[in-house]
Amino acid sequence: MKLQALTGNHVRNGFDCGVEALNIWLRQTALQHQAKGISRTFVAVPSNAEEVERYRLAGYDDLGEASILGFFALASAFVLADDLAPELVKRYPRQIPVTRLGRLAIRSDLQGQGLGRLLLADAVTRSRNAALSVGSAGIFVDAKNSAAAKFYADYGFMVCKEQPLKLYLPMW
Ligand SMILES: CC(C)(COP(=O)(O)OP(=O)(O)OC[C@H]1O[C@@H](n2cnc3c(N)ncnc32)[C@H](O)[C@@H]1OP(=O)(O)O)[C@@H](O)C(=O)NCCC(=O)NCCS
């Protein structure tokens, strides 16, 4: 697969990750927010026609080169240092700029095959590169549920104080 910035050419309608709010956001909001600079969405699509063919042979016959396999969105945000994990509070001033990983989702029928991990790694790399030009202390995520929170925690995200679905990964 390859990762691209979302455009109107990507097929957003067929995407289903099993969480309707995320499907609808991709379909209806992602491009609008992008046009206004509110967030940037990146999508994973098959690398080329050969990969589409491999998917077809594996039974995924609705996939084309513009089909979205998964996506995530990044935006800027501020958080209060007091809300972070207790061991981080002293590191920062009262309010800090962060990069918000707003949404991360993989097509239901491709979940559990390592795509989520790849997209998360790409989101972290992009966030860190952007933070070399515009300050951002870490990546903040609002997990949809405890399973999603565990997914992020497994990759080093730290649970915020008294908010088990909010997690933070220091970048520096
Ligand atoms: C959460 C999600 C993005 C993970 O993507 P994925 O491609 O299924 O995950 P991967 O195959 O890369 O799995 C990576 C690791 O996370 C674990 N994992 C995957 N989904 C998980 C879940 N729902 N809960 C807990 N752990 C999970 C896997 O076991 C794997 O661990 P391992 O490397 O030790 O085997 C995907 O399941 C998804 O889109 N879910 C629906 C939307 C959603 O809830 N998004 C989160 C919004 S906050």
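What follows walks through the fold, the strand pairing, the nonpolar core and the ligand surroundings of this predicted model.

A word on ground rules comes before the details. Residues are counted from 1 along each chain, in the order its sequence is written. Since the model is predicted, local features need pLDDT of at least 70 and side-chain atom pairs count only at pLDDT 80 or more, while totals for chains, interfaces and linings use all residues.

The protein chain has five helices and seven strands; these are DSSP runs numbered from the N terminus, with helices being H or I over at least four residues and strands being E over at least two. Going along the sequence, the order is β-α-β-α-β-α-β-α-β-α-β-β. As for overall dimensions, the C-alpha atoms fit a box of roughly 55 × 30 × 25 Å along the principal axes. The radius of gyration is 17 Å, which agrees with the value near 16 Å for a compact globule of 172 residues (taken over C-alpha atoms, the rule being 2.2 Å times the number of residues to the power 0.38). Two residues count as in contact when their C-beta atoms, placed from the backbone, lie within 7 Å. Among contacts between residues at least 6 apart in sequence, 65% link residues at least 24 apart.

Next, the strands, which pair if DSSP finds at least two bridges between them. Strand 2 (residues 40-45) runs antiparallel to strand 3 (residues 70-80), with five bridges, and here A44 sits opposite G70. Strand 3 also pairs with strand 4 in the antiparallel sense, this time over eleven bridges; S76 faces T99 across that pairing.

Buried residues account for 31% of the 172 in the protein chain, where buried takes 20 or more other C-beta atoms within 10 Å of a residue's own, exposed means 12 or fewer, and partly exposed is in between, with C-beta atoms placed from the backbone. A nonpolar core is a set of buried Ala, Val, Leu, Ile, Met, Phe, Trp, Tyr and Cys residues joined through C-beta atoms within 7 Å. The largest such core holds 37 residues, and F71, F72, V141 and L167 have the most contacts inside it. Elements supplying at least two residues each include helix 1 (20-35), strand 5 (138-142) and strand 7 (163-170), but strand 4 gives the most, with six. Setting aside neighbours within four places in sequence, L167 touches V141, A143, A149, Y152, A153, F157, M158, V159 and C160.

The ligand has 21 residues around it, with Q111, G116, R117, A147 and A148 coming nearest; a residue is near if its C-beta atom, placed from the backbone, lies within 6 Å. Strand 4 (95-106), helix 4 (115-131) and helix 5 (146-153) each give two or more residues to this shell. Helix 5 is the top contributor, with four. The shell breaks down into eleven nonpolar, six polar and four charged residues (Ala, Val, Leu, Ile, Met, Phe, Trp, Tyr, Cys and Pro are nonpolar, Asp, Glu, Lys and Arg are charged, and the others, Gly among them, are polar).

Two individual residues round things off. A131 belongs to helix 4 and is partly exposed because 18 other C-beta atoms lie within 10 Å. Outside its neighbours within four places in sequence, A131 contacts T99, S136 and M171. A131 and M171 are 40 residues apart in sequence but 8.7 Å apart in space, C-alpha to C-alpha. Q28, in helix 1, counts as exposed because it has 10 C-beta neighbours inside 10 Å.
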